[in-house]
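Open the model in your viewer and keep the selection tool at hand. This tour says what to pick next and what is there.

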Amino acid sequence: MTAKALSVFAKEALDAARDRRSLTSALSYAFFGPLVLAMALTLIAKGSDDGKPLELAVSGAANAPSLIRYLEQNNVEVLAPPDDVQAAVRSGDLKLALVIPPGYGKDFRASRPARIELVHDASRIGTKTPVRRVEQLLDRYGAQVAGLRLSARGVSPQVARPVELDSIDLSTAASRAALALATLPIFLLMSAFIGGMNVAIDTTAGERERGSLEALLVHAVPRRDLVAGKWMAAVVFNLLSVTLTLLLSFLVLRLDRLQKMDVPVALSVDGALRFLLLLLPLVLLAPALQMLIALFARSFKEAQTQLSLLMLLPMLPGLLLSFQSFEPKPWMRIVPILAEQILMRDLLYGKAIVPSAQMLTGGATLALTVICLGVTARLLHHERIVLGR
Amino acid sequence: MIEAQNLQKRFGKTVAVEDVSFTARDGCVTALLGPNGAGKTTSLRMLYGLLQPDGGQALVDGTVAATEPLAAQRRLGVLPDAPGLYGRLTAREHLRYAARLQGLSAAEADERAAALLDRLGMGGIADRPSAGFSQGERRKIALGRALIHDPQNVVLDEPTNGLDVPATRAMRRTVRELAESGKCVLFSTHILQEVSAVCDRVVIIARGRVAAEGTPDELLARTGQTNLEDAFVQLIGTEEGLGA
């Protein structure tokens, strides 16, 4: 690295650090991904009822002692009801409540359908799971009692059960959390593209738009030194953004609440460093690509619009990768950006990463970076590019 | 010394410079005088290596600007058409950056920047960000940047354009001082007054060609006119695009 390139770097870094727009775009996004992740995981943790007793307020429990006993045997904690059950549910103080009317016992003994009310508000988030659990319990209780009644009358209970449905939901809070975590590579990828974007545009399209490019090019500086210095400044901002995103994600996953959930893909210090190493080639590539494209734009704004749209492109395979269990084809390993996403997914799910695969991916990305920088330096010799015509 | 030899430049089908030749000598202020759109800026841009000529060549102290741009630029200080400052950088930072780009060491850069700030009377605003500067102050920084590596040749594109009277006078004084210290100064202008005020030699450009070259007195003698304005109008054949 030449002294002139370092001078360009020092100037651009200083200039960008004083630019609130560059700083906020580099840093604010870093908070976005981890924040969304934290919110999603917290919601999952709250909704988690794995093995926990279900709290159920029961009004008129004394009317149905055997039903209450059945519920208590099935991991339901029966609570005393508030004075006005419907009002409590409507206001959200209670998620759901069971009301057993005084006539229940009489009907039950006479083998007439005995009415029970399950009061809930379906428009409230988080009521679906407990309501379903209570409904299933009551169904099973009903089936059990029906069976006993039929046996007492000399009929086999099997006759009354033409179909038996046994729904087995294997999803646990941990597996749902893993689904939410699959978005982490996308957030990391985006932070690698957003962190240095403003600097990349400002030092190219912005420099020309403000009329300072000509004044810069009259100095005895090789174009490659100019490009290298500007690129390094954008890389520093990029690295800052990615590191911050990783650090915050790491901290989010350390939250006590999530630790208790036993999320299988908890990010260790070692894992976080692996992610950083994996992302490093992209941190270098993104500004090189952005500077090259920005040089073709007529203004800062135009460059910003084009680059923001372009950023969505690499996100698409990322979304597919996170939702589908598809096996990557060998050629995908050398497609920069896509290859990194495949590796990040492997890392996330604890698959061993073959060092040679990572070298191949990193090498392909670095090669593209060098090409972009070389083309950008050449473009600065072109009159049309320099004068913006 | 700066030499233009049959410079030609086209942009698409438009011919910006058809045939421009002149010499700017050391210890002299040479003016490139011509109406707006005559090809002055394009000619200068070929001199400082921003544009490649389609024909002919530009030499800076004997170095061909098109083939050895870095060597030519080292011997050249340039004040381009637009000052092109960075709003978040101070005057001193601009000068230091320019010095480093021209290859000076950090210590030399500090020293040169301080000396130039003093010489151009910018001591009071040296450490303020340039965003709030007046036109004259901006032009001073740009000039300081052009002189930072103490180049033998100085090219100024319309240096007094948009300046008020005191700033214009200060700029002209600096230009004179440079020539008196033995530098080769070439500047473009469309203002006749400027020519008589500071120039030793005039190169008149119109429609991409050199219409006449010589000292102001020679031009008067050649046209038989008594004032430069009439001589100029006669030489280029029109009054269009001139500033008094």
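How many residues does each of chain A and chain B bring to the contact? Select both sides: chain B gives 22 residues and chain A gives 19 residues. Keep in mind that this is a predicted model.

**Stop 1: the side of chain B that touches chain A**

Stay on the chain B side. Pick α2 (69–74) and α3 (91–101) of chain B; each supplies at least two residues to the side that touches chain A. α3(B) gives the most, with four residues. Now colour this side of chain B by class. You will find 15 nonpolar, four polar and three charged residues.

**Stop 2: chain B as a whole**

Select chain B alone. It holds nine helices and 10 strands. Its radius of gyration is 18 Å, close to the 18 Å that the globule rule gives for 244 residues, so chain B is as compact as a globular protein of that length. Along the principal axes, its C-alpha atoms fill a box of roughly 50 × 40 × 35 Å. Colour by burial next: buried residues make up 50% of the 244 residues in chain B. Then look at contacts in chain B with a separation of 6 or more. Residues 24 or more positions apart account for 66% of them.

**Stop 3: a loop residue in chain B**

Zoom in on B:Asp61. It sits in the loop between β4 (55–60) and β5 (63–64) of chain B. Check its backbone: phi is near 50 degrees, a positive value in a residue other than glycine. Is B:Asp61 buried or exposed? It is partly exposed, because 17 other C-beta atoms lie within 10 Å, and a residue needs 20 or more to count as buried.

**Stop 4: a helix pair in chain A**

Move to chain A. Select helix α13 (residues 269–296) and helix α16 (residues 355–379) of chain A. Their axes come within 9 Å and cross at roughly 25 degrees. That angle makes α13(A) roughly parallel to α16(A). The crossing is left-handed.

Show the side chains of the contact. On α13(A), the residues include A:Leu278, A:Leu282, A:Leu285, A:Leu289 and A:Leu292. On α16(A), A:Gly362, A:Leu366, A:Thr369, A:Leu373 and A:Thr376 are among them. What classes do the residues of this contact fall into? They divide into 16 nonpolar, five polar and no charged.

**Stop 5: a loop residue in chain A**

Next, pick A:Ile337. It lies in the loop between α14 (300–323) and α15 (338–348) of chain A. A:Ile337 has a positive phi of about 80 degrees although it is not a glycine. Where B:Asp61 is partly exposed, A:Ile337 counts as buried, because it has 23 C-beta neighbours inside 10 Å.

**Stop 6: a strand residue in chain A**

Finish at A:Glu55. Find it in strand β1 (residues 54–59) of chain A. Which residues does A:Glu55 touch, not counting those up to four places away in sequence? They are A:Glu77 and A:Leu79. Now draw a distance to A:Asn75. The two residues are 20 apart along the chain, and their C-alpha atoms are separated by 9.0 Å. With 13 C-beta neighbours inside 10 Å, A:Glu55 counts as partly exposed.

How values were computed: Residues numbered from 1 in each chain as written. Chains lettered and ligands numbered in written order. Predicted model: local features only at pLDDT ≥ 70, side-chain atom pairs only at ≥ 80, totals over all residues. Rg over C-alpha atoms; globule rule 2.2 N^0.38 Å. Buried ≥ 20, exposed ≤ 12 C-beta atoms within 10 Å, placed from the backbone. Contact = placed C-beta atoms within 7 Å. Axes fitted to C-alpha atoms, helices over the stretch in contact; angles between N-to-C directions. Parallel < 35°, antiparallel > 145°, perpendicular 65-115°, else oblique. Left-handed = near helix turned anticlockwise from the far one by under 90°. Nonpolar A, V, L, I, M, F, W, Y, C, P; charged D, E, K, R; others polar.
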